[in-house]
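Trainee: I am new to this structure and would like a close look at a single part of it. Could you take me through one sheet, strand by strand?

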Amino acid sequence: MSLADLTQASLSRVASAATAEELEAIRVEVLGRKGTLANLSKDFGKLSPEERAAFGKDLNAAKQSLESAFDARKAGFDSAALTARLDAEWLDLTIPPAGQRPGSLHPLTQIQREIEQLFTSLGFAVLDGPEVESEYNNFDALNIPAEHPARDMQDTFWLDGGFCLRTHTSPVQVRGMKLLKPPFRMIAPGRVFRNEEVDASHEHTFYQLEGMMVDRNVSVANLIYFMKTLLSGIFGREVTVRLRPGYFPFVEPGFELDIQCLLCDGAGCPVCKQSGWVELLPCGLVHPNVLRLGGIDPEEWNGFAFGLGMTRLVMMRYGIEDIRQLQGGDLRFLKQF
Amino acid sequence: MKFSYNWIQELVPSLKASPTDTMRQITLRTAEAEGLEPVGQHFGKVVSAKVVEVEPIEGSHNRKVVVKSAQYGTRTVVCGAPNVRVGMVAVYCPPGVEIEGKKLTKAVVSGVESDGMLASGKELGINRDHEGIVEVGGGIGCTPDFIIEIDNKSLTHRPDLWGHYGMAREVAAIYGLELKDPVKVRPFPEELACIDVAIKDFTLCPRYSALIFENVRVQPSPLWFQYRLESLGLNPINNIVDVTNYVMAELAQPMHAFDADKVQGGIRVRNAHESESIAALNGDAYQLDGSTLVITDDSGPIAIAGVIGGSETAIGPATTRILLESANFQAASVRRTSTRLKLRTDASMRFEKSQDPANTVRALARAAALLQQVCPGIRVKGGLTDVHTELRHPAPIVLPLDWLSRKLGNDITPAQATKILARLQFGVSELGENELEVRVPSWRATKDISGKEDLVEEIGRMIGYDNFTPVAPLVAAAPPPANPSRAFQHQLRTLCSQQGYTEVYNYSFVNAEQAARFGLSPESHVRVLNPIASDQGLLRRSLLPGIHRNLVENAKHSASFRLFEIGYEIHPVKGQPPLEIPQLVAAVYSRQDGEGNLNELKRLLACLNPALTIQPTQALDFEHPGRVAEVLLGQTSIGRLFELHPSLVKGRAAIVDLNLDLLKLEAKQYRPVRKFPSSDFDLSVVAGPRVLVASVAALLTDPLVERTEYLMLHPLGDGRNSISYRLTLAAPDHTLSAEEIAMARERIITRLREAGLELR
């Protein structure tokens, strides 16, 4: 077969190859080392120099045209194969994934952490105190001696041996004063207990955060500034606060701090009982007796203290209507946070 | 504590502020007002009317009554009261008036149209009498009023605010108005005291004042007088008792009236003897003891001092002479007694706030004046009895004004401070340029105000805290000390929640049954002496009862779930504060059968610290006997991993319970990445039943073994298992030769054989 015929015949076979495998077989048959094209150049040596040059040129041209035909056809098969594979690999991405989904942190843990971080950024130490306290730390050291009517303000769970479940986080003030040297700033979040009947808005077990700052010349004006800054940080917005007299034996003067109702902006709504204000935290300047009992000279140092109701804050933030859910252990409730 | 706005207005006659504004100002400057309640709003619309006709209605106990009044003329009403009679003056309520919250309308009663009604004392809010209709002497004398309710807690430190006069003093100071003293202390007759009083211990009873009255007629008080007491929640009884309550509500001084003819001999104030008892006015009998202060006559106790009177000497219809007691008792003693007897009275509530001894004689003077009004013809017999210890006048307080300004953080002028203190009836004089000398009035000196700090509050609150400019505190910038254990707990919480566990908080209280279920006796717990319910009497010394409840409850509506809690176990320690141990309990539940739950918890343990190991151990009663292990960190057991015994839960629940004082996170330690390649080979070991995968792995050690990885366990069908491991060998300083690897393999196989194991 002449070169021209072979080329022509091979090109038409390439064009009609049905699969990549068939194409490869043709390529080996035609262009392989022992292929038909190579066979034709076997007689190369018998040709004259002129014929040799002309034949060589034709042979190269034929080889090139065949190679490009093979490549083009192969690319066609490859791309068809890829398209087919991609099409076959279609996935329904809406199928929910297998495996464990993350759990969740208790809402009290979350808010407690948030507030701890806020205070840490303001230079406050975070202290812990035990849930079981001595009567002395829970009351006497906070200027609430036995037979003081203020003991009625906190219904107490009494334990064997003169101990009690702490009724507030304030005893950590007493511990803090012994642990830290003035000037200092500290907070103490934790679980507290009151012997109260439980209903949708009352719990015998709830969470508080105690705060105390001891320095030189801490004033009422400082306290107001600080509380305003702090609450704006907690609520993530400007809050209007109001201080009014409140009686707590461990502070003098003592205050109840109200914030303007965040739901109605002071216009009056059911949450604030139409008053425009929500009672949020008791605070005051630390009573000199408390400093003295903590081994701090009240002539040199003074400070302020406050107690933030964490449970209350969580309920306000999420609009939780029943306080009992927080310790009810129902995952349908807890998984929402 | 309830305050009548009208009463305050009587004491501050120029008060123009509305009840609402007055309440708001009291809240902002004195004590927390909880609400405002309108009372007697029908007065002015209801009138006194003469009964001119009473006719029976057939078939009914009701009667048809015709009344005549100046305002409404002649009206016909139906009345069921047994005491209605021609000629009496009753209170007529026309239709449209609201009585006990309901609007009156014309209605047909017993077949007769009733054009309004005749009202009882209860319906009018004058007293609690609903036996019949009110009979009026002259006019009704009652006016609409508003009751301001103040939170008792915010009055804990203010003995003076337990009476209207004290609150009126605050209101006068707030608005800058004049205060009218209701007491006119005229000298009592200079006669011999009619009653002999002796006080055993002046600490417990600093003062006892008394007067005797004769020509007494016990009868109901005038309507306006009853109305005033009833509005405050004080039950009107009779004119004598009502006067004692009225004075208490006005001056905060509790009083007691004895029937003087039933008191035998003189009065002795002393501690009770152990065998004594008293029948009290409330109908109960009380056993007394040596700590109870009592008022006695020759026959024994006739009152529990500061708490309640006895029934034997009580005022009755036949009483003609009374002994009026106005005394002062030690706050702590009254409080102890009232707590012990579980008897809180209006008197004990006031005395426990430390009442002012200076007030006793003022109260007697006020009572004498009121008795003239409500008990015509009454006469004081003899002179005043007034036994007291030396009444202390506290030393004046020196108030440096620059110190005051520093405390408040805003500048206060001497004039400002003086004005405020003077309005509150402190004595003020200037000591020097910048210093005041402040004399505390007796009613503030018993407990409330003892130092200059207390004056900061007086001045601050009267200025109004809204009027202060907030000032940023000047403090040193310093990083706060760290709290590693709290940070650790936060880390663990994050880790557990990331692994799919939801955090729960359980109560600290458990009951004996729950404790017993987890192998703990009630005696091993700290006991609550006054639990809220009998089944919450123990403090948890394990978190497991709470977690168990969570598992059982959530299994009702969930087929599988994971949860965890970090909390404190409370362990009693003899003679010491209890030990509080932080624990982490995590649990995996699934309704289906399998051992996957335990493996999930093992994965959690690996996340907590890869160095934790598991050592199978003897099961406790609540644990699945074949699925329990101790969790070890090094040689220390830090907790248990187990499946809950199937009798305790439907489905399967795996639990891990770890002591967080012992658990440590893995310490990070860097080693350079090895430069020379490693080589692997696999080994399959044939082991008998229940030979532990970990104990075989422990044999696969060699200096060249870098890592041993468990691959699989294949049961051979004869009770034995084939356990496969992949061993990775390497050296830090060269590539291992084939010979070295073969020798290491030989050493390991020898060790296996020595342990009685064969290769497969």
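Mentor: What follows goes through one open sheet of chain B and then turns briefly to the nonpolar cores.

This is a predicted model, in which local features need pLDDT of at least 70, side-chain atom pairs count only at pLDDT 80 or more, and totals for chains, interfaces and linings use all residues. Residues are numbered from 1 along each chain as its sequence is written, chains are lettered from A and ligands numbered from 1 in the order in which they are written, and side-chain values use heavy atoms, with hydrogens and water left out.

The sheet has 5 strands in the order S5-S4-S3-S6-S11 of chain B, with antiparallel pairing. Strands here are DSSP runs (E, at least two residues), numbered from the N terminus, and two of them pair if DSSP finds at least two bridges between them. In general, the strands of a sheet pair through backbone hydrogen bonds, either parallel or antiparallel.

Let us start at one edge. Strand S5 (73-79) of chain B is an edge strand, as is strand S11 (117-118), and each pairs on one side only. Strand S4 (residues 63-69) of chain B runs antiparallel to S5(B), and 7 bridges join them; among the residues involved, Lys68(B) has Thr74(B) in S5(B) as its bridge partner.

Further along the order, strand S3 (residues 47-56) of chain B is joined to S6(B) by 4 bridges, again in the antiparallel sense, and Ser48(B) stands opposite Val91(B) in S6(B). Strand S6 (residues 89-93) of chain B is mostly covered, with 4 of its 5 residues buried, where buried means under 20% relative accessible area (1.4 Å probe, protein chains only). On to the other edge, S6(B) pairs with S11(B) over 2 bridges, also antiparallel, and there Tyr92(B) stands opposite Leu118(B).

Now for the cores. A nonpolar core is a set of buried Ala, Val, Leu, Ile, Met, Phe, Trp, Tyr and Cys residues joined through side-chain atoms within 4.5 Å. The largest one has 95 residues, of which Leu231(A), Leu404(B) and Ile459(B) touch the most other members, and its largest share, 8 residues, comes from helix H8 (residues 220-235) of chain A, a helix being a DSSP run (H or I) of at least four residues. A second, separate core of 78 residues includes Tyr5(B), Phe225(B), Met349(B) and Cys375(B).

Notes: Buried means under 20% relative accessible area, exposed over 50%, partly exposed in between (1.4 Å probe, protein chains only).
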